[in-house]
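Thanks for coming. I will put the structure on the screen and then go through some of its helices, strands and loops.

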Amino acid sequence: MEYDKDIGMWHKKDYSGYLIKECYKTKYVFDERGLVDNYYEYSNNKNDIIMLGDSQVEALMVNNKDIIHNQLYFDLGEKYNVLNYGLSGTGPSQHLQVLEKKVNLNNSKAVIHFIFLENDLNDGDQRVLDGTNRPKVFSVFDEDGNYSVVKPKKYDTYEMVRDLLGKFEMYVYLKKTFYYYRHAKFLQGEPKQKKEKNANEVKLKIENEEYKWRQLKGAITHISKLLKKKNTEYFLVIYSKHEFENGITDRARRLEQFLNETGISYVNIVPFLKNEAKQYEISFVCDRHWNGKTHNVLSKFLSNSIAEHVVLKIR
């Protein structure tokens with residue numbers, strides 16, 4: 001990553017490296033715009049299909065040719081450029097600004113937006129940030145649906161040090177060390193203090209829930225309005241890890257109800273992935289990100305399932 005004045009963090013342009021964990025070692029490449037690289041040649045004579053999401057869409061742990069945007073390019077018959085604007089640690093609050101600042105909407109035919117429910121509810125709340133987080137922009141919505149932009153903090157000495165450590169790939173390890181010792185110190189605290197802290201955390205969580213929903217709904221609504229002005233199709237792909245693990249949840253129902261009421265097209269991919277999970281391991285065992293096989297089958301599923309909403313209109 002590098003500092004970006006509009007988004008807070010962005011991929012380094014014309015950059016490549018390796019993402020290494022115990023269950024994979026994968027080379028990733030960013031292009032001249034800081035996008036996850038294409039496995040095909042971009043054509044100025046074709047319209048763009050934009051993919052938004054977090055690290056599941058960014059998918060640096062997956063071989064480039066298998067990442068969903070590259071697979072979808074071929075599954076749609078190579079008629080459109082499919083561009084991957086996935087960015088780890090972001091949600092709709094940031095994606096609205098990505099569309100405003102990074103995407104050429106005048107050449108965009110459709111936006112396919114991945115909503116990872118639990119993550120995106122948190123990523124819309126600027127109050128969850130601490131000093132170890134990368135700076136990022138927030139679109140903050142009030143109860144009337146209006147919003148203001150909270151710009152990323154400025155590029156200060158802390159960010160300079162972070163980028164320096166990043167060049168030697170040390171930052172992630174130091175961050176993990178910080179969290180480990182902070183957690184160990186917390187566990188050494190007095191039982192009474194621990195109990196009081198837990199009670200306060202539960203209270204805060206309840207109070208924040210409605211605020212987080214307002215941010216999520218507000219961002220999706222404004223993205224929909226922005227794309228309508230640009231005559232660009234909007235389609236949501238929604239996933240809830242709690243629904244995947246425990247069956248339909250109140251949160252999942254609430255999101256679907258909101259999308260139905262607003263007339264925003266979507267597909268819930270949980271039933272499809274649960275069925276796929278009966279046949280093979282759909283995620284890397286070391287970090288639960290989808291593997292290349294899942295990106296492949298999900299691309300084919302989406303190219304068919306969204307036909308009535310988007311694909312028939314853009315083909």
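I start with burial: a residue is buried under 20% relative accessible area, exposed over 50%, and partly exposed in between, with a 1.4 Å probe and protein chains only. This is a predicted model, so local features need pLDDT of at least 70 and side-chain atom pairs count only at pLDDT 80 or more, while totals for chains, interfaces and linings use all residues. Residues are numbered from 1 along each chain as its sequence is written, and side-chain values use heavy atoms, with hydrogens and water left out.

The overall picture comes next. The protein has 12 helices and 11 strands. Helices (H or I, at least four residues) and strands (E, at least two) are DSSP runs, numbered from the N terminus. Of the 315 residues, 49% count as buried. As for contacts, meaning heavy atoms within 4.5 Å, take those between residues at least 6 apart in sequence: 73% of them join residues at least 24 apart.

Now the strands. How many of the nine residues of strand E7 are buried? Eight of them are, so E7, residues 108–116, is largely enclosed by the rest of the structure. Two strands count as paired if DSSP finds at least two bridges between them. Strand E5, residues 48–52, runs parallel to E7 and is joined to it by five bridges. In that pair, isoleucine 50 stands opposite valine 111 of E7. E7 also pairs with strand E10, residues 233–239, in the parallel sense, over seven bridges. There, isoleucine 115 is opposite isoleucine 238 in E10.

One residue of E7 to click on is isoleucine 112. Its relative accessibility is 4%, so isoleucine 112 counts as buried. From isoleucine 112 to glycine 53 the C-alpha to C-alpha distance is 8.9 Å, with the two positions 59 residues apart in sequence numbering.

Helix H3, residues 92–101, is similar to describe. Eight of its 10 residues are buried, so H3 is largely enclosed by the rest of the structure. The buried residues of H3 are Pro92, Ser93, Gln94, His95, Leu96, Gln97, Val98 and Leu99.

Next, helix packing around H11, residues 292–305. Axes are lines fitted to C-alpha atoms, for helices over the stretch in contact, and angles run from 0 to 180 degrees between N-to-C directions. Helix H2, residues 68–75, has an axis that comes within 9 Å of the H11 axis, and the two cross at roughly 45 degrees. That makes H2 oblique to H11; angles under 35 degrees count as roughly parallel, over 145 as roughly antiparallel, 65 to 115 as roughly perpendicular, and the rest as oblique. The crossing of H2 and H11 is right-handed, meaning that the near helix is turned clockwise from the far one by less than a right angle; anticlockwise would be left-handed. On the H2 side the contact is made by Ile68, Gln71, Leu72 and Asp75, and on the H11 side by His295, Asn296, Leu298, Ser299, Lys300, Leu302 and Ser303. By class, this contact of H2 with H11 has four nonpolar, five polar and two charged residues. Here Ala, Val, Leu, Ile, Met, Phe, Trp, Tyr, Cys and Pro count as nonpolar, Asp, Glu, Lys and Arg as charged, and the others, Gly among them, as polar.

Helix H10, residues 270–277, also packs on H11: the axes come within 11 Å and cross at roughly 135 degrees. H10 is therefore oblique to H11 as well, and the crossing of H10 and H11 is right-handed. Phe272, Leu273 and Glu276 of H10 meet Thr294, Val297, Leu298 and Phe301 of H11. The classes in the contact of H10 with H11 are five nonpolar, one polar and one charged.

Finally, backbone angles and one more contact set. Most residues other than glycine have a negative phi. Which way does phi go at glutamate 78, positive or negative? It is positive, near 60 degrees. Glutamate 78 sits in the loop between H2 and strand E6 (81–84) and is partly exposed, at 39% relative accessible area. Arginine 288 has a positive phi too, about 70 degrees. Arginine 288 lies in the loop between H10 and H11, and its relative accessibility of 47% makes it partly exposed.

Arginine 288 is also among the residues touched by glutamine 56. Glutamine 56 is in helix H1, residues 55–58, and is buried at 13% relative accessible area. Leaving out residues up to four places away in sequence, glutamine 56 touches Phe116, Arg288, His289, Trp290 and His295.
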